[in-house]
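Got your viewer open and the cartoon view switched on? Let's take a walk through this protein, one selection at a time.

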Amino acid sequence: MIHVYGIAWKMTDYIRKSIESMVSTASEPISMTVIENKSDKSPEIKEYLTACVGSGVITRALLMEENTVGWGLLQGIRDFNPPEDEKFFVMTDLDLIVPDGCDWIKEMREAHEERNCTVTGCTLDLSNYTNTPNHGYGGDADSFGMWMIGVNTEIFMNRYPFYRGIYDVAVRDFMAQYGRREKLLSIRLYHEAWDLWKEGHDPE
């Protein structure tokens, strides 16, 4: 079973839509660990995540006592290891919506199991794109952010320097040393945070 580690922060509705889209488009069962970084919205996010665990939508929720950024993601992976019998697992921000009909598991399996990728990323839907600020978006070039990154389980768990913490560039560049890196252009995610930036707001 593919394990997904998702980072949640502040925007309850974004988190809900992101989780629902990943689960509804998954072509096979997944196990999801959600790490919630503390914010002024933590009480309502906790209530939502608790309900998700109770209904089986997600496997577990880790509620951080502060905004740990990528360190919380690291804690989730280290405390609840991805299954060794799966070639890859997924880490992602939870402000992304998977489009209906996108079989993201199939696309990732083909990349990791048939093309032997050690790390994969996705691209973004440009329907709400704003370039001020673009927060790391570089078009369909080979770079990608924390947008459903697929990571080779064995290499990551045995070789990744955990003291560095987890953030998109560190994971992407480290894993690429051990094999093929690929941006999956067939998976175009809707980046919810761009809606805020387009209106002149920033969740930070």
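Start by selecting β1 and β2. These two strands run parallel, and eight bridges join them. Before you move on, keep in mind that you're looking at a predicted model. For one pair to click on, try W9: its bridge partner in β2 is N37. Now follow the chain as it leaves β1, passes through helix α1 (residues 12-25) and arrives at β2; this β-α-β crossover is right-handed.

Stay on β2 and show its side chains. In a regular strand, side chains alternate between the two faces of the sheet. Which residues of β2 point one way, and which the other way? I30, M32, V34 and E36 go one way, while S31, T33, I35 and N37 go the other. Both sets are buried, so the count for β2 is eight buried residues of eight, with buried meaning under 20% relative accessible area.

Next, add β3 to your selection. β2 and β3 are also parallel partners, with four bridges between them. Click on I35 and look across: L62 in β3 stands opposite. The route between these strands includes helix α2 (residues 42-55), and β2, α2 and β3 together make a right-handed β-α-β unit.

**Zoom out to the sheet**

Select all the strands of the sheet now. What is the order of its eight strands? Reading across, you get β3-β2-β1-β4-β7-β6-β8-β5, in an open sheet with mixed pairing. The edges are β3 and β5 (96-97), each of which pairs on one side only. Strands like these pair through backbone hydrogen bonds, either parallel or antiparallel.

To see the antiparallel kind, select β4 and β7, which pair that way over four bridges. Two pairs are worth clicking here: F88 stands opposite N152, and F89 stands opposite V151. Then bring in strand β6 (residues 117-124), which is antiparallel to β7 too, with two bridges between them. In this pairing, T120 stands opposite G150 of β7.

While β7 (residues 149-152) is highlighted, check its two faces. I149 and V151 lie on one side, G150 and N152 lie on the other, and all of them are buried.

**Step over to a helix**

Select helix α3, residues 70-79. Which of its residues are buried? They are G70, G72, L73, L74, G76 and I77. Turn on the surroundings to see what covers them: the list includes strands β1 (2-9), β2 (30-37), β3 (60-63) and β4 (88-93), along with helix α5 (153-159).

**Into the core**

Nonpolar side chains tend to be buried together in soluble globular proteins. Here the largest nonpolar core has 58 residues, and the members that touch the most others are M91, W104, F156 and I166. β1 supplies the largest share of this core, with five residues.

Pick I166 and show what surrounds it. Leaving aside residues up to four places away in sequence, I166 touches G70, L73, L74, I77, M91, M146, F156, Y160 and V171.

**Charged pairs to finish**

How many salt bridges does the structure hold? There are twelve. Go back to helix α1 and select D13 and R16, a salt-bridged pair whose closest N and O atoms are 2.4 Å apart. These two are three residues apart in α1, so about one helical turn separates them. R16 is partly exposed at 30% relative accessible area, and D13 is partly exposed as well, at 35%. Add K17 and E20 to the selection, and you have a network of salt bridges linking them with D13 and R16.

Last stop: R109. It forms a salt bridge with E28, with the closest N and O atoms 2.7 Å apart. E28 sits in the loop between α1 and β2, whereas R109 belongs to helix α4 (residues 104-114), so this pair ties together parts that are 81 residues apart in sequence. Are these two buried or exposed? E28 counts as partly exposed at 27% relative accessibility, but R109, at 16%, counts as buried.

R109 also has a salt bridge with E113, where the closest N and O atoms are 2.6 Å apart. Both residues sit in α4, four residues apart, so they are separated by about one helical turn. E113 is partly exposed, with a relative accessible area of 39%.

Key. Residues are numbered from 1 along each chain as its sequence is written. This is a predicted model: local features need pLDDT of at least 70, side-chain atom pairs count only at pLDDT 80 or more; totals for chains, interfaces and linings use all residues. Side-chain values use heavy atoms; hydrogens and water are left out. Buried means under 20% relative accessible area, exposed over 50%, partly exposed in between (1.4 Å probe, protein chains only). Contact means heavy atoms within 4.5 Å. Two strands pair if DSSP finds at least two bridges between them. A crossover is right-handed if, with the strands pointing away from the viewer, the path from the first strand over the helix to the second runs clockwise. A nonpolar core is a set of buried Ala, Val, Leu, Ile, Met, Phe, Trp, Tyr and Cys residues joined through side-chain atoms within 4.5 Å. A salt bridge is a side-chain nitrogen of Lys or Arg within 4 Å of a carboxyl oxygen of Asp or Glu.
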